[in-house]
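Here's a quick walk through one protein chain, from its inside to one of its pockets. Have a look at the fold first, then read on.

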Amino acid sequence: MNAIAEELNKTIIESNPHIYDMLSDMGKALFFPKGILSQSAEAKIKADKINATIGIAKEGNSVLSLSSITQYITGIEPDEYLPYAPSFGIAALREKWKKSLYTKNPSLGNQAISLPVVTSGITHGVSILSDLWVNKGDVIVLPDMMWGNYNMTFCVRNGAKIVHYKTYDEALTKFNIDSFEAVIRKQAQENDKIITVLNFPHNPSGYTLSKSEARRVAQILIELAQKGTNVVAACDDAYFGLFFEEETSKESLFAKIAGRDKRLLAVKLDGATKEDYVWGFRVGFVTYGIAGDKDMAPVLEALEKKTAGCIRGNISNCSHLSQTILLKSMCDDNYDALKQEKFDLLKRRAKKMKQVLSDPKYADGFEVYPFNSGYFMCIRLKDVNAEQLRLHLLDNYGTGLISIGDKNIRVAFSCLEEKDVKTLFDIILSGINDLRKG
């Protein structure tokens, strides 16, 4: 094993050996190299006469650039976006995002957390989670309704085994905490280490836990760790902040579990993708929260370095331009007001969905899963096949939806104008009746 990796592992073991045990084989071997990158970083500080270290082209004191590119980017100097960004991400953006985590999650209090590491979107963050913490055969506890890409990332790429719990009760009235608890406790009895991904607001159903549900889920995880199971709990907060109802928990579960037990690793996966409506920017973050015997700073830094090493060995670094624009946006005096404006728009759309779906006529064709947040909602069809209905609506009504399994249809209200909501569900009901007639 590389000497730098061994040094990072020693730092982790000295503070919390359980965290080391939770690392995958790849995670234990990962490190951030001190070669060209560290030498270039030293030269950037000390080489005030000539610096011939970094693999970019310069012209005078500025980065060499093509006007056919720079003409489209105004208000930002080429030196702020054309050179490579650090594998960890732009330092000022990392600090800004970390500060925002405490603002958005008051329950964190003074809990020490890592400096977020920038990823190329949250999907990349999930992939990093898998590389660092998932070994072949590891058990990952997930809801039966889940984002399909988890299977690709955890199982196809890293050989994990997914064990499902029922997302909702049979009546579709609430999150099925009983099923979650039963499944995860059973897996904890059978395995020394378990992994779970807590995705709220939920994709595909658009549900966020209530405050009491969030407390209970957090307590279950803490109790498992206290009883001797190593628990990797990742919070996939891709749609964080889009909470539309009073009773929903407005904080990430990360805030309730970070630093609560030495056997509990909390990982926060979030980013600007949906929070700031910049889907193509591909800027996400990975943040860690742990407990330990000593000062947390060294072990958190060790995890940051392993994460940056994972990025260095894969895509090298993330978009400098996207990070620069996001940082400038977050520093804008109007940032919060502009975000509130777009939040209010999405909230109105969700409210319109609830209003339309309160019409009892739709109950003849489908049931509605609980939804209160995010971008999506789902319906459960009563007696027609979801994929057949999807194709029928596409071919005969010019209407596009997503089918999930045999019975579920996902609707993205995030891209649906209020005036079109009733029209959409009337079309769905008509399509159902068409298929019933054969």
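What follows covers the packing, one strand with its partners, a pocket and a single threonine.

Bear in mind that this is a predicted model.

Let's start with the inside. The largest nonpolar core counts 75 residues, and Trp133, Phe425 and Ile428 are the ones with the most contacts within it. Take Trp133: setting aside neighbours within four places in sequence, its contacts include Ile19, Met22 and Leu23. Other residues in contact with Trp133 come from further along the chain numbering, among them Lys193, Val232, Leu265, Tyr288 and Leu303. There's another core too, lying apart from the largest one and made up of 54 residues. Ala218, Ala255, Leu327 and Cys378 are among its members.

Tyr288, one of those Trp133 contacts, brings us to strand S9, which spans residues 284-289. Six of the six residues in S9 are buried. On one side sit Gly284, Val286 and Tyr288, and on the other Phe285, Thr287 and Gly289, so both faces are covered, "buried" here being under 20% relative accessible area. S9 also has strand partners, which are easiest to see side by side:

| Partner of S9 | Residues | Sense | Bridges | Residues standing opposite |
|---|---|---|---|---|
| Strand S3 | 117-119 | antiparallel | three | Val118 and Phe285 |
| Strand S8 | 264-271 | antiparallel | six | Ala266 and Gly289 |

Now for some open space. The second largest pocket has a volume of about 670 Å³. Its lining consists of 23 residues, and Thr103, Lys104, Tyr335, Asp336 and Lys339 are the closest to its centre. What kinds of residue make up the lining of this pocket? Ten are charged, nine are nonpolar and four are polar. Three helices each put at least two residues into that lining: H6 (91-104), H12 (272-275) and H15 (335-357). H6 provides the largest share, with six residues.

Last stop: Thr70, which lies in helix H5 (residues 67-70). Why does Thr70 count as buried? Its relative accessible area is 19%, and the cut-off for buried is under 20%, so Thr70 falls on the buried side of that line. Leaving out residues up to four places away in sequence, Thr70 touches Ser65, Pro78, Tyr81 and Leu82.

Terms used: Residues are numbered from 1 along each chain as its sequence is written. This is a predicted model: local features need pLDDT of at least 70, side-chain atom pairs count only at pLDDT 80 or more; totals for chains, interfaces and linings use all residues. Side-chain values use heavy atoms; hydrogens and water are left out. A nonpolar core is a set of buried Ala, Val, Leu, Ile, Met, Phe, Trp, Tyr and Cys residues joined through side-chain atoms within 4.5 Å. Buried means under 20% relative accessible area, exposed over 50%, partly exposed in between (1.4 Å probe, protein chains only). Contact means heavy atoms within 4.5 Å. On a 1 Å grid over the protein atoms alone, a cavity is a set of points where a 1.4 Å probe fits but cannot get out, and a pocket is an open set with protein on both sides within 12 Å along at least five of seven lines; lining residues have an atom within 4 Å of a point. Grid points are joined across faces, edges and corners, and a volume is the space filled by probe spheres set on the points. Helices (H or I, at least four residues) and strands (E, at least two) are DSSP runs, numbered from the N terminus. Ala, Val, Leu, Ile, Met, Phe, Trp, Tyr, Cys and Pro count as nonpolar, Asp, Glu, Lys and Arg as charged, and the others, Gly among them, as polar. Two strands pair if DSSP finds at least two bridges between them.
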